[in-house]
Amino acid sequence: MTAQGPAASAPAVNDLSSFWMPFTANRQFKNAPRMLVGAQGMHYTTADGRQVLDGTAGLWCCNAGHGNPRIVKAIQDQAGEMDYAPAFQMGHPAAFALANRLAGMLPGDLNHVFFTNSGSESVDTALKIALAYHRMKGEGSRTRLIGRERGYHGVNFGGISVGGITNNRRFFGTLLSGVDHLPHTHLPDRNAFSRGQPEHGAALADDLERLVALHGAETIAAVIVEPMAGSTGVLMPPKGYLERLRAICDRHGILLIFDEVITGFGRLGSAFACEHFGVLPDIVTTAKGLTSGTVPMGAAIVREGIHDAFMSGPENAIELFHGYTYSAHPLACAAALATLDVYQDDGLFARCADLAPHWEERVHGLKGLPHVIDLRNMGLIAGIELEPKPGKPTERAFTAFLKCYEAGLLIRTTGDIIALSPPLIIDRDQIDRIFDTLGDVLKTLD
Ligand code: PMP
């Protein structure tokens, strides 16, 4: 770089060296790049002109499929009408309309919506709201946060502190203090090849009682879990587990946060997992499917009592010292409103529920293929766990990813687990193509 601006040696446009890609083996990728240049419906188009079936809804987000004309038009219209509006001491109608719409979709009194731009921001917003809420109520000693081993809550400092994925934490110093982790709920010895919620493991929730006894309930602000953990390998909650967590939180005045960044917007066949499992959290975090991945947006949605605690303070004081330049961005609001219309008018959540039994059959049809040591499914989501290659963990699943991509199917891997979560517009034939292709690829793995 020079003080005058771009150096004379700035890379050419087709040089791949400047973009430091997230969560990517940059050096490997740049030797053999996989470039996507278009997306319509259930498919991506690659730079070499191939169609790739999207088995992952982008990154668990494009629930309405790609290029939906109603969503595209809403974004285009909004860009022409009002590109940006500040959300500090100003508002615009679409933000209020969207918040009302979301409040109407969530169960119970989850009625107040704080907008963010991503899942990570939604999580950090929720954690901050939880801490501030207790302080508003005169219980400022409640500062401890409890996450879970193998939990994924985005990549900001709050999220990685409560998160439990080692690689996401270990390079980044001491993180937040006063954080504990519950045990994860993955019990391969007892629950392998479960369909839907596994039978065993509800009692793992009782570890929260241990932390209460250790620290005192009066020090604990909130527990955060993904009701169904996606990024860490598609881990379903054991039957009764979430109910038990809820009961313990109630007993001790601890807030329960459900991170629904993946499970929100129909992935399990209901609008939200909290509705699906019949457990009402105090705060829900969401993002991804809110705009079907078209424009970045997230939200933290809180129950009446939490909001009330902030609103009953002195008038004219700003109630929550928190927010983003792009909170409730007009383009994101327009995208989200159109997306919610599409979900509703096209019946996509019911479609997910209708397709789920066929999906389940096809997932479990992979049993017996080489290296498959577990299969998990719910709604339109699946986790296919492969036995790690001795001395080369992650290699098998990543090879499957590369081979599927060559064969025209996009899958996602996390460690040696393959995760599938297609757009909810998928049809039965496309489900069959996913599992036929994946089955063929699994047979070739050494
Ligand atoms: N929470 C959960 C449960 C997620 O799955 C993710 C993303 N996969 C996040 C938070 C972070 O979302 P983002 O990448 O939009 O920051």
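Which helix gives the most to the shell around the ligand? In this predicted model, the answer is helix 5, spanning residues 119–136, which contributes three residues to that shell. The shell as a whole holds 14 residues, and those that come nearest to the ligand are Ser118, Gly119, Ser120, Gly154 and Val261. Sorted by class, the residues around the ligand comprise seven polar, five nonpolar and two charged ones.

Stepping back from the ligand, the reader can place this site within the overall fold. The protein chain contains 16 helices and 15 strands, and its C-alpha atoms occupy a box of roughly 65 × 60 × 50 Å along the principal axes. Because a compact globule of 446 residues would have a radius of gyration near 22 Å, the value of 22 Å found for the protein chain agrees with that expectation. Of these 446 residues, 47% count as buried. Where contacts link residues at least 6 apart in sequence, 72% of them join residues at least 24 apart.

The chain is divided into two domains: domain 1 is assembled from two segments, 26–64 and 347–444, whereas domain 2 covers 72–345. Their C-alpha centres lie 26 Å apart, and the contact between them draws on 31 residues from domain 1 and 28 residues from domain 2. On the side of domain 1 that touches domain 2, the elements giving two or more residues are helix 2 (57–60), helix 14 (348–364), strand 11 (372–378), strand 12 (381–386) and strand 15 (417–420). Helix 14 supplies the largest share of that side, with seven residues. By class, this side of domain 1 is made up of 17 nonpolar, nine polar and five charged residues.

A closer look at one strand shows how a local element is packed and paired. Strand 9, which runs over residues 283–286, is covered on both faces, with Ile283 and Thr285 buried on one side and Val284 and Thr286 buried on the other. Strand 9 also has two pairing partners that differ in direction: strand 8 (residues 255–259) pairs with strand 9 in the parallel sense over three bridges, while strand 10 (residues 298–303) runs antiparallel to strand 9 and is joined to it by four bridges. On the parallel side, isoleucine 257 has isoleucine 283 of strand 9 as its bridge partner, and on the antiparallel side, valine 284 is bridged to isoleucine 301 in strand 10.

Definitions and conventions: Residues are numbered from 1 along each chain as its sequence is written. This is a predicted model: local features need pLDDT of at least 70, side-chain atom pairs count only at pLDDT 80 or more; totals for chains, interfaces and linings use all residues. The radius of gyration is taken over C-alpha atoms; the globule rule is 2.2 Å times the number of residues to the power 0.38. A residue is buried if 20 or more other C-beta atoms lie within 10 Å of its own, exposed if 12 or fewer, and partly exposed in between; C-beta atoms are placed from the backbone. Two residues are in contact if their C-beta atoms, placed from the backbone, lie within 7 Å. A residue is near a molecule or strand if its C-beta atom, placed from the backbone, lies within 6 Å of it. Ala, Val, Leu, Ile, Met, Phe, Trp, Tyr, Cys and Pro count as nonpolar, Asp, Glu, Lys and Arg as charged, and the others, Gly among them, as polar. Domain bounds come from an automatic or database domain assignment. Two strands pair if DSSP finds at least two bridges between them.
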